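Subject: Structure handed over, with notes

Dear colleague,

I am passing on the structure we spoke about, and below it you will find my notes on what turned up when I went through it. Please read them with the model open beside you.

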Amino acid sequence: QVQLVESGGGLVQAGGSLNLSCAASGRTFSSYAMGWFRQAPGKEREFVAGFTLRGDSTTYADSVKGRFTISRDNAKNTVYLRMVSLKPEDTAVYYCVGRRGITWSGGSWGQGTQVTVSS
């Protein structure tokens, strides 16, 4: 399985932006559908954005559409999450995940990176 390490989290004011990165190990990165999830305190982990298995399209949670952009660079084994117009409700630990199966839960997960948006 691919090993994933997130970076780029931090503290930002509402309206600000952050760029998250997720570096993957291994030579099969391009065969993985990559995605981002987040978990806020006291809440369940939720889907944020992701590529389809075919890699030809992306999907987003309604709460982040128009503000977040997922992208990937297969040459660098890295997936990114560009976040703009951040809101306090975006505060969460953000996780990178890679899957080759049907479900995200069965994929490989990173350790997470904290994003805190102050009002």
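A good place to begin is a polar contact at T113, where a polar atom of the side chain lies 3.2 Å from the backbone nitrogen of G9. Please keep in mind throughout that this is a predicted model.

T113 itself is placed in strand β11, and because its relative accessible area is 10%, under the 20% limit, it counts as buried. Once neighbours within four places in sequence are left aside, T113 is in contact with E6, S7, G8, G9, L20, A92, V93 and Y94. Strand β11 covers residues 113-118, and its two faces can be told apart: T113, V115 and V117 make up the covered face, whereas Q114, T116 and S118 belong to the uncovered one.

Two pairings of β11 are worth following on the screen. With strand β2 (residues 10-13) the pairing is parallel and runs over four bridges, and here V12 has V117 in β11 as its bridge partner. With β9 the pairing is antiparallel, over three bridges, and in this case the bridge partner of V93 is Q114.

There is also an open sheet of four strands, in the order β1-β3-β8-β7, in which the pairing is antiparallel. Since β1 (4-7) and β7 stand at its edges with a single partner strand each, one side of each of them has no neighbour in the sheet. From one strand to the next, the twist averages 15°. Within this sheet, β1 and strand β3 (residues 18-24) are joined in the antiparallel sense by four bridges, with S7 standing opposite S21 in β3.

At the other end of that order, strand β7 (residues 68-73) and strand β8 (residues 78-83) run antiparallel and are joined by six bridges, and R72 stands opposite V79 in β8. R72 also lies over the face of F29, at 4.6 Å from the ring centre. β7 and β8 form a hairpin with four residues between them.

Which residue in the turn of this hairpin has a positive phi? The residue is N77, with a phi of about 50°, and this positive value occurs in a residue other than glycine. As a general background, most residues other than glycine have a negative phi. At 17% relative accessibility, N77 counts as buried. S85 is a further case, for its phi is positive, at about 50°, although S85 is not a glycine; S85 is placed in the loop between β8 and β9, and at 39% relative accessibility it counts as partly exposed.

The aromatic residues deserve a separate look, as the structure holds five aromatic pairs. One of them is formed by F37 and F47, which meet edge-to-face with 5.5 Å from centre to centre and 80° between the planes. This pair links distant parts of the chain, since F37 is in strand β4 (residues 33-39) and F47 is in strand β5 (residues 46-51), 10 residues apart. F37 counts as buried at 10% relative accessibility, whereas F47 is partly exposed, with a relative accessible area of 23%.

Why is the pair of Y95 and W109 called edge-to-face? The ring centres of Y95 and W109 are 6.4 Å apart and the planes stand at 70°, and because an angle over 60 degrees counts as edge-to-face, the pair is given that name. Y95 lies in strand β9 (residues 92-99) and W109 in strand β10 (residues 108-109), so this pair ties together parts that are 14 residues apart in sequence. Of the two partners, Y95 is buried, with a relative accessible area of 13%, while W109 is partly exposed, with 26%.

These two pairs come together in one aromatic cluster, which is formed by F37, F47, Y95, W104 and W109. Y95 has a further partner, in that the charged end of R45 sits over its ring, 3.8 Å from the ring centre.

With kind regards

Definitions and conventions
Residues numbered from 1 in each chain as written. Heavy atoms only, no water. Phe/Tyr/Trp six-rings, centres within 6.5 Å; stacked < 30°, edge-to-face > 60°. Buried < 20%, exposed > 50% of the residue type's maximum accessible area, 1.4 Å probe, protein only. Lys NZ or Arg CZ within 6 Å of the ring centre and 35° of its normal. Pairing = 2+ DSSP bridges. Polar contact = N/O pair within 3.5 Å; in protein donor to acceptor, adjacent residues only side chain to side chain. Contact = heavy atoms within 4.5 Å. Axes fitted to C-alpha atoms, helices over the stretch in contact; angles between N-to-C directions.
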